[in-house]
Amino acid sequence: MDNPEYPAPHAPITSDVVLNWLEDTADAVRRGEVPPEDLIVLLGELRRASTACANASDWTLLAAREAGASLRQIAPVFGKGYVRAPAARLEKLYRQVLDSDQFLELLRRREA
C-alpha cells in the first residue's frame, strides 16, 4: 500500500499519545497545578476534538467503501469482526450524504 510517491496517510493523533498526555496531565492535577477552571476549558476542547475524530472516522469509512474496501475488510476495526456495525454506520451516513466528498462539504458548512 505504501507508495513512495503517495505515502499512506496516518491519523494525526494516536491512542498512545493521548494516554501519555493523560498520564502527564493527571500527575499535574494531583500536584494541584491545574485549577478546576482550566479543567473545564480542557473538557470543552476534548469534547470538540472527540467530535472531530468521530467525523474523521466517518469520512474514512465512506472513503474506504468508495475505494473498494469490503465490509468484511472494514469490520475488524469496529471490533469482533461483525459486518453489522460498519454496515449500520454506513446506512446512517448514507441517509445524510451520498459520498465522502459530500460528507466533507457538510462538515465545512457546519464549521462556517
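Here are a few questions and answers about this predicted model.

User: Is Ser100 buried or exposed?
Analyst: Ser100 belongs to helix H5, which covers residues 100-111. Its relative accessibility comes out at 4%, and the cut-off for burial is under 20%. So Ser100 counts as buried.

User: Which residues does Ser100 touch, leaving out those up to four places away in sequence?
Analyst: Start from Ser100 in helix H5 and skip anything up to four places away in sequence. What's left is a set of contacts made up of Trp59, Leu62, Ala63 and Glu66.

User: Which helix gives the largest share of the nonpolar surface patch?
Analyst: The patch is built from Ile13, Val17, Val18, Leu19, Trp21, Leu22 and Leu46, and together they have about 590 Å² of accessible area. Leu46 sits in helix H2, residues 36-66. Five residues of the patch come from one helix, spanning residues 15-30, and that's helix H1.

User: How does Leu46 count: buried, partly exposed or exposed?
Analyst: Buried needs under 20% and exposed needs over 50%. Leu46 has 42% relative accessibility, so the label is partly exposed.

User: How far apart in space are Ser50 and Pro76, C-alpha to C-alpha?
Analyst: Ser50 lies in helix H2 and, at 46% relative accessibility, counts as partly exposed. Along the sequence, Ser50 and Pro76 are 26 residues apart. In space, their C-alpha to C-alpha distance is 21 Å.

User: Which residue lies over the face of Tyr82?
Analyst: Don't look for an aromatic partner, as the count of aromatic pairs is zero. The residue over the Tyr82 face sits 5.1 Å from the ring centre, and that's Arg84.

Note on methods
Residues are numbered from 1 along each chain as its sequence is written. This is a predicted model: local features need pLDDT of at least 70, side-chain atom pairs count only at pLDDT 80 or more; totals for chains, interfaces and linings use all residues. Side-chain values use heavy atoms; hydrogens and water are left out. Rings of Phe, Tyr and Trp (its six-membered ring) pair if their centres lie within 6.5 Å; planes under 30 degrees apart count as stacked, over 60 as edge-to-face and the rest as tilted. A charge sits over a ring if NZ of Lys or CZ of Arg is within 6 Å of the ring centre and within 35 degrees of the ring normal. Helices (H or I, at least four residues) and strands (E, at least two) are DSSP runs, numbered from the N terminus. Buried means under 20% relative accessible area, exposed over 50%, partly exposed in between (1.4 Å probe, protein chains only). Contact means heavy atoms within 4.5 Å. Patches are made of residues with over 30% relative accessible area and no salt bridge: like charges are joined within 9 Å, nonpolar side chains (Val, Leu, Ile, Met, Phe, Trp, Tyr) within 5 Å. Accessible areas come from the Shrake-Rupley method with a 1.4 Å probe; for residues, only the protein chains shown count as cover. A salt bridge is a side-chain nitrogen of Lys or Arg within 4 Å of a carboxyl oxygen of Asp or Glu.
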